[in-house]
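Got your viewer open? Here is a short tour with a list of things to click on, one stop after another.

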Amino acid sequence: MTHPSGRHFLQIPGPTNVPDRVLRAIAQPTIDHRGPAFGVMGRKLLTEIRPIFKTEHPVIIYPASGTGAWEAALANALSPGDKVLISDTGQFATLWRQLAVRLGLRPEVIPTDWRHGADPDAIGQKLVEDKNHEIKAVCVVHNETSTGVVSRVPAVRKAIDDARHPALLLVDTISSLASIDFRMDEWGVDVTIAGSQKGLMLPPGLAFNAISPKALAAHEKATLPKAYWGWTEVLASNKTGYFPYTPATNLLYGLHEAISMLNEEGLENVFARHVRHGAATRAAVEAWGLEVLCLNPEEFSGSLTAVLMPEGHDADRFRATVLDSFDMSLGTGLGRLAGKVFRIGHLGHFNDLTLAGTLCGIEMGLKLAGVPYQPRGVQAALDYLSR
Ligand SMILES: Cc1ncc(COP(=O)(O)O)c(C=O)c1O
């Protein structure tokens, strides 16, 4: 095994770079998860996590990947055969739909071109047509990590309210929490789904469900089978700061440190930083003469930018050139976008110079891979950042 010199540039849209402070916290010795010190830590953590979701309601932390949080949300809030309305905004919405089918739910899909977010009007229309209220939940991926498109959650909420429909609103914030403005309570979200490995700057391994009172009431009557994911058991244990099974103790140390870092910077400043880096990245893409996948400026992502390759050029070949030459990982195209786009992650533990280095690697890579481009992207981004 040889090690390239210098630091690997991990510029995929998650997992993101883990700050040294968080790594040091994770390196503390594991303690007894049933001992008194753990209870103190657990109670503190379960309280301090809530403002990150902008909620006053309980947030459950599972030792799992984000997919587990999807399953937990559906299994706890719904019953076999329930209809769920899902906007097919990209590969992650597609995977969530497939998971719903495997759980015995009946997803109704609203297609998109994968270049726009969920369409609130189309959602409203479906709900108005659903006279018998068979649709029990509306599922939206806030930031589609496969496309770099942000869905307008408040507009979706308004569409549900305007239709006077009782469906729950389930939102996947796996690549938006702690990087893109999200307000669970104000926006009337019933279950927020999240993961540790993106805006929270942690390694993969923690998954979250934040639960509104309406979702908890639905859970009381919901009959899909659930065991490991059961909200009731976890919430009962969480009351005293504990978990019904062995939690990911060291990742919880890291979570505490990451929350401290987010609070020191201020959540609103964190959001503004991501907006700014997204804009600088798009300035670079435009100056290269390439195309951003997201078409609606209201839906641009602060977490990542998906870039379309020119016709006849394979995005994965380009990514391989960048990895081999500069030890930088860029995100691959997923699902129907395979080979067609590469994705630049600009979320998490990230600053102006990280972005400058990332864009330099891309610009050099475009040249080496023989992709037609204008050599002006880095300069355009630097101009934007130094404005
Ligand atoms: C928006 C979104 N939803 C769901 C997932 C699935 O999460 P995981 O791979 O952690 O299971 C991801 C992963 O990148 C994601 O970006």
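**Stop 1: an aromatic pair**

Select tyrosine 62 to begin: at 0% relative accessibility, this residue counts as buried (buried means under 20% relative accessible area, exposed over 50%, partly exposed in between, with a 1.4 Å probe and protein chains only). Before going on, keep in mind that this is a predicted model, where local features need pLDDT of at least 70 and side-chain atom pairs count only at pLDDT 80 or more, while totals for chains, interfaces and linings use all residues. Residues are numbered from 1 along each chain as its sequence is written, and side-chain values use heavy atoms, with hydrogens and water left out.

Now add tryptophan 229, which is buried too, with a relative accessible area of 13%. How do the two rings sit, stacked or edge-to-face? The structure holds 9 aromatic pairs, and tyrosine 62 and tryptophan 229 form one that is edge-to-face, with 5.0 Å centre to centre and 80 degrees between the planes. For the cut-offs: rings of Phe, Tyr and Trp (its six-membered ring) pair if their centres lie within 6.5 Å; planes under 30 degrees apart count as stacked, over 60 as edge-to-face and the rest as tilted.

Colour the backbone around both residues. Tyrosine 62 is in strand S2 (residues 59-63) and tryptophan 229 is in the loop between helix H8 (213-221) and helix H9 (231-238), so this pair ties together parts that are 167 residues apart in sequence. Helices (H or I, at least four residues) and strands (E, at least two) are DSSP runs, numbered from the N terminus. Bring up Tyr228 and Tyr245 as well: with Tyr62 and Trp229 they form one aromatic cluster.

**Stop 2: two tryptophans and an arginine**

Next, select tryptophan 70 and tryptophan 96. Their rings make a stacked aromatic pair, 5.8 Å centre to centre with 10 degrees between the planes. Tryptophan 70 belongs to helix H4 (residues 66-77) and tryptophan 96 to helix H5 (residues 91-102), so parts 26 residues apart in sequence are tied together by the pair. Tryptophan 70 counts as buried at 4% relative accessibility, and tryptophan 96 is buried at 0%.

Then jump to tryptophan 114. Arginine 336 lies over the face of this ring, 4.0 Å from the ring centre. The rule for a charge over a ring is that NZ of Lys or CZ of Arg is within 6 Å of the ring centre and within 35 degrees of the ring normal.

**Stop 3: the nonpolar cores**

Show Val138, Phe208 and Leu255 as spheres. Which residues touch the most other members of the largest nonpolar core? These three do, out of 53 residues in that core. Helix H10 (residues 249-265) supplies the largest share, 8 residues. A nonpolar core here is a set of buried Ala, Val, Leu, Ile, Met, Phe, Trp, Tyr and Cys residues joined through side-chain atoms within 4.5 Å.

There is also a second, separate core of 34 residues, and Ala69, Ala100, Ile174 and Val234 are included in it.

Go back to valine 138 and display its neighbours. Leaving out residues up to four places away in sequence, valine 138 touches several residues, among them Leu85, Ile123, Val156 and Leu170 (contact means heavy atoms within 4.5 Å).

**Stop 4: glutamate 134**

Move to glutamate 134, in the loop between helix H6 (120-129) and strand S5 (135-141). Glutamate 134 is partly exposed, with a relative accessible area of 32%. Not counting residues up to four places away in sequence, it touches Lys83 and Arg106. If you draw a distance from its C-alpha to that of proline 166, 32 residues apart along the chain, you get 9.8 Å.

**Stop 5: backbone oddities**

Most residues other than glycine have a negative phi, and most peptide bonds are trans. Select glycine 14 and proline 15: the peptide bond between them is cis, with omega near -5 degrees. Proline 15 is in the loop between strand S1 (9-11) and helix H1 (20-26).

Methionine 201 has a positive phi, near 65 degrees, and lies in the loop between strand S9 (191-195) and strand S10 (206-211). At 4% relative accessibility, methionine 201 counts as buried. Aspartate 327 also has a positive phi, near 55 degrees; look for it in the loop between helix H12 (315-326) and strand S13 (328-330).

**Last stop: zoom out**

Finally, show the whole chain, with its 14 helices and 14 strands. Of its 387 residues, 58% count as buried. The C-alpha trace spans about 60 × 55 × 40 Å along its principal axes.
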